[in-house]
Structures are given as structure tokens and as C-alpha cells.
Amino acid sequence: MTTDIKAPQARRRTDTRIWLRDNGVYVAIAVLVVYNLAFTENFATLANLNTQLVQVAPVLIVALGMALVIGTEGVDLSVGSVMAIAAATLPLYLGYGLFPALALALVAGALCGMANGTLVAVVGIQPIVATLALLVGGRGLALVFADGQLKDIRNPEMLELGAGKALGIPYIVLIAALLSVLVWLLVRYTTFGRQLVAIGGNRSASALAGLPVRRVLMLTYVISGVLAAIAGVLATARLTASDPSAIGNLFELSAITAVVVGGTPLSGGRVRILGTVAGAVLMQLIAATLIKHDLPDSTAQIVQAAIIVVAVYLQRSRSAGVA
Amino acid sequence: MTATERPTEEHAADSVAANRTTRRERFASQVQRRGSIVVLALVVVIASFSFDSFATVGNAQNIAIQSSFLAIVALGMTFVIISGGIDLSVGSVYALGGVLAAYGIQWGSLVGLLLPLVVCGAIGLLNGWLVAYGRLAPFIVTLATLLGARGLLLAITDEGSTTRLMPRDDWLTKLGQGTFLGLGIPVWITVVLFAIGMVVLQRTRFGHATFAIGGSREAATLMGLPVARNTMLLYLGSGLCAGLAGALAAAYSASGVTIVGEGLELDAIAAVVIGGTLLTGGAGTVAGTLAGVLLLRVIQNVINQIGTLSSHYQSVVSGAFLAVVVAVQAYLSRASR
């Protein structure tokens, strides 16, 4: 509102910043793609495209759930451990066939989400600590389930899930794309999606308006848990082994990065699913570009760190524009 | 308008049940402040009776030295959390501190000690500057420096493939490995740092300002407190603590190991929260953090003593414990309201 009173020049500057905040991630992707097309060998090949997309898929799936949670002004630090739990429970029932095993892994993810949701929505603990508890405990639990061991996956259907393709597109990528569309529809067109955004914007006002705050929060964390479990299953299928000590390690950071770079503010009340997809793709593209040019891992991490700071700095303009 | 009316109503209700509420409030705040110390004492007593090898001098020395590195990191974290912030970068900074100590010691022990302090202090200052003057969320700023510090570490260790050893006869190495009155020197350094931390938090203007900023940043600004400068100092302190702990840990193991410190920030936060410091800021104690650290390490030790339990249960118990503690905290703070 105050932007109307400001001097035109200041207003224009704020407008540019808001535009950058909303579209910077797409601009960055476009720039990187053009750069790679011009200077990187073997970039514009189908094989490379598939490799990059398969690599980004698990992070993207986790980031979708994270975007919803961050939209409620929360955060879910437990996603990496939930991935490990799903990976560890998967082989337990694989002897009975693919679907019982998948069901068990997804139920495990839903239960983890329910535990987080209970702590956040019912007990009223801050999301950071509530999900931190499961981050710490979850990986231990996964290792207990798996007896601390890496288990090879030999089930042919699981292997097909990890390596198979339909119409030249890997299943993993198709699943990630499908989930992205579903979550986008959920946010955009359902009552639940609107309630979620409203709660993130102002929780007490939403409660006063009669929204089912607890139920929506609970469901949000359950969705995040299930999506993390799906990511864990897909990562296991691609690795052809269930490795609960490594799967999902530091995924919470990658997912939060994708969400934030994609323009969803940490302060809640706004969810950008398309931006999150773009954020995940951008981070993958940056890593791929650096690797293709033989730059070491260390540089990649420092560049990522700088990008996070820039992204958050641009987002700050939301509060600067209003206040 | 309604906001000004509601407190008066609440006051009326309060005065009716004044006695009961205050007793309850006092009980709640006591549990909040001293709960971790009581639980620690209970666990130690039970463990002493249950396991012959628990209440031995050797085991106590072990627990003390294992706790000391985490305790130093958690000390800096306590201040940051009391001010309403959070520092996720400490795990990476800790690892970086260790590697820098092992790297710098080739020019002598003094360089080996100062190099990690200068670099890690600079990272802390960067955190503080971005939080205080950039007005960015601490969570995300320190997440970025977590990645950045780890990248820096990889850059100076040939992508993590080089582990530098520290010569055993340099005094920095002796600082990590030596003992005094039966306890390792890092333990004594920890004790001194906690004593200083306690005094700073309770008795100095800086400490009081830390509480005020955590209670309400706006109010602290309006009161004329140097909020931005204090915030910078808090993150500087956290960076220095993490760097020092890393350097001491490297000296203790006489090598700059590159893979340490992953997830250490979570242990530190868990210890601080278990110690009764509120993550929302504005309340907390240094002594509670020490009890929280010891509690985590004693639980770890007890699980090792049981022997038949796989070591993976350590993190399960720590996580469950954290959940219970914060649930009780949430309940108590609601009861006192």
C-alpha cells in the first residue's frame, strides 16, 4: 500500500526487485542453458537430459512437500531421515511382491509425517525442533530396521522402476513430473491448498476465521512425509540397493534451497510449485555446469551458498515493499 | 482496540486464581530451568547402580572429554538461540576449524591456533552481518554458510582427500591431548569458557541485551540497544566457539579430519533446547546447556555400556528425548500462560 506514496523512482526499483524475485530463477535457467548450449560439449543430447532429470527427481519430489510445509510458515528437517526409513523398510516386504513393499514404505513415510504433524499442530512445538527430533532419531531408526546394513535390491520390478523408460523418458522423471502437477493442482484448485496458504499467512486469523488449522497442518506434514518416502523408494530403485546410512543425507538442505531459490518465502503464506521445480532444476544445472567444466565440488558448494543468499536477499523485498 | 481490552479481562481472571497460577508458574519455570539438571542426575544415579563400569574414573574422564568439544560449540549456540536466532553453520565451521589447525601448524602452533579462530570468526561475522544489516533470516543465512564453509574445507584439502597430521610435540597438539589433574585440557578450557559465558550472560550489559533482543527485537531497538552490533557479536562468538572446538578436537586426534562435524549443529541445538533454552528466544541458561550436552553424551555412554543394543539406538534415543523435552516445554509454557 505504501508503495503508492513512494517516489516513482523508488517504486520502480521495488518493482524490478519484485519481478526479479518472481522470475529470477527462470532467467537464471535460461542464461545457464544458453551458456551450456554454446560452450559445453554433449550438453544438448537426450542422454544428458535424461541423466540430469533423473538426478534431480528425488530432490524435486522432496522439495514439493517442503514447499507446502514452508507455505504454512513451517519447515520439515526430517525429510532426509524419512527417505532413509522408507529405503530401510522397503526390502522387508519385497519378498511378498512390489506393492506390499511400496505400501509399507509409504505408510512408514505417512506415520513419520503424522508424528511431525502431531508435535507441530497438536502439541504446538516449533516446526524446526519438532522435525529436528525425527531428523536425529529417524536415521537411527532406519539403521535399526536395516540392521545397519546395505541390502541389494534384486526384485526385477523395483529394478525396472529405477532404470526403465516409457517413451524414452525414465519412469523416475515421469513420476516426479506427475507429482509436481498433482501438488500444483492441490495448491491452486483445492480448498486444502487455499487453507494451507491462509494458515501460513496468518495462523491466528485463520483459526479465528474457523479454518481447521490442526487438520490442515497435520495433512501438510503427512504429505511431506509421503513425498519423502516416495523419493526414498525411487533413490533406492536407482541405486539398486537400500542404503539407510547414506540415502537422503542432507536432502533437507537441498530441498529447502530449491524451495527458497524458487521464490517461496520462508515466512509462509505463499507457495510457488512451478518456482520450486525451477529451483531444483536450476541447482542441478549449476552443479552440472560446474562439473562439466572440471570445477571441483568445493567451488560448486561455495557457488550454491552464494546463490541461496542472493535468492533470500531478493525475497526480502517483499517485506521491504509492504513496510 | 480489542487488543487493549483483552489483557484487562485476563487480569481480572488472573487475580481470582492468583495464588494457584503463580505457584504453577513458578513450578513450570523451575522445571524449564532446572529440569535437565535433575534428569541428568537421575540418569547418572540409575546408570551407576546398573553398570559396574559406569561410575569409574576412566569412564568419567571419557565422558568429560567427549562432551567438551560439543559443549564449546553449544555455548556459542546458546547465546545465538537466546537472541532468537539460530546458527546452522557450526558443524561445517567446526570441521573447517580442525582442518585449518592441522594446516596452519606447519608454521608453528600459534598459527595453528590463530588461523582457525580468524577464519571461523570471519565466517561468524559474515553470518552476523547478513542477519543484522542484511535483515535476512538466520536459518537460511547460516544454511548458506554451512555449504560455503564445507566448500572452503574441501578446497584446502584437495577435495577432502588429504588429511593433515599434527606433529605430536607441538604445544597445540599437547593442548588437545594433555591432561591436568586427571582431566583433559580441553575439559578445563570448556569449564573456563562456560564460567565466562555464565558471567557474560547474567552480569553484563551484552548478556542482558541478548535476552532483550530475543524477547523482542523491535522493543530492544526502541529501547536504544545496539541491536545490530550485538547480533554481529553473537554470531562472531558462535563462529569462534565452533572454530576453537574444531581446532581442539583436531589437536586431540592429532589430525585435521575432513569428515567430522556433519550434523554437529543438530546435536548442539538439541543440547541447548534440552537444557531449557527456548528456541523462540528470550530465555535460557548456560548451565542448562552444559547439562544438555552431558545428558546426550551420558545416554550415548549408557547405550554403549548395555552393549547388546546396536549403536544406532543412540540417535533414536536422542531424538525421542528431544521430542519429549520440547513437548514438556510446550505444555509447561501453556500451563504458565
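**Two chains, from one exposed arginine to the shared core**

Reader: Which is B:R168, buried or exposed?
Author: B:R168 has 9 C-beta neighbours inside 10 Å, and the count decides the class (20 or more other C-beta atoms within 10 Å of a residue's own make it buried, 12 or fewer exposed, anything in between partly exposed, with C-beta atoms placed from the backbone). The model is predicted, so local features need pLDDT of at least 70 and side-chain atom pairs count only at pLDDT 80 or more, whereas totals for chains, interfaces and linings use all residues. Residues are numbered from 1 along each chain as its sequence is written, with chains lettered from A and ligands numbered from 1 in the order in which they are written. With its 9 neighbours, B:R168 therefore counts as exposed.

Reader: Leaving aside neighbours within four places in sequence, with which residues is B:R168 in contact?
Author: B:R168 sits in the loop between β1 (164-165) and α7 (171-177) of chain B, where helices (H or I, at least four residues) and strands (E, at least two) are DSSP runs numbered from the N terminus. B:L181, 13 residues away in sequence, lies 21 Å from B:R168 in space, C-alpha to C-alpha. Once the neighbours within four places are set aside, the contacts of B:R168 (C-beta atoms, placed from the backbone, within 7 Å) are B:T173 and B:A254.

Reader: What does the radius of gyration of chain B come to?
Author: Chain B comes to 14 helices and 4 strands. The globule rule (2.2 Å times the number of residues to the power 0.38, the radius being taken over C-alpha atoms) gives 20 Å for its 337 residues, and the radius of chain B is close to that, so the chain is as compact as a globular protein of that length. Of these 337 residues, 51% count as buried. The radius of gyration of chain B is 21 Å.

Reader: What share of the residues of chain A count as buried?
Author: Chain A has 14 helices and 4 strands. Its radius of gyration is 20 Å, close to the 20 Å of the globule rule for 323 residues, so chain A is as compact as a globular protein of that length. Its C-alpha trace spans about 70 × 55 × 35 Å along the principal axes. Of its 323 residues, the share that counts as buried is 48%.

Reader: Which helix gives the most to the side of chain A that touches chain B?
Author: In this interface, 38 residues of chain A are in contact with 40 residues of chain B. At least two residues each are supplied to the chain A side by α4 (98-123), α5 (127-145), α11 (251-261) and α13 (297-315). With 15 residues, the helix that gives the most is α5(A).

Reader: Which helix of chain B supplies the largest share of the largest nonpolar core?
Author: A nonpolar core is a set of buried Ala, Val, Leu, Ile, Met, Phe, Trp, Tyr and Cys residues joined through C-beta atoms within 7 Å. The largest has 192 residues, and those with the most contacts inside it are A:V62, A:A63, A:M83, A:I308, B:V73 and B:L322. The largest share, 16 residues, comes from residues 227-253 of chain B, which form helix α11.

Reader: Which residues does B:V73 contact beyond its neighbours within four places in sequence?
Author: B:V73 is one of the residues with the most contacts inside the largest core. Beyond those neighbours, B:V73 is in contact with B:V90, B:Y94, B:C241, B:A242, B:A245, B:L264 and B:A268.

Technical notes. Contact = placed C-beta atoms within 7 Å.
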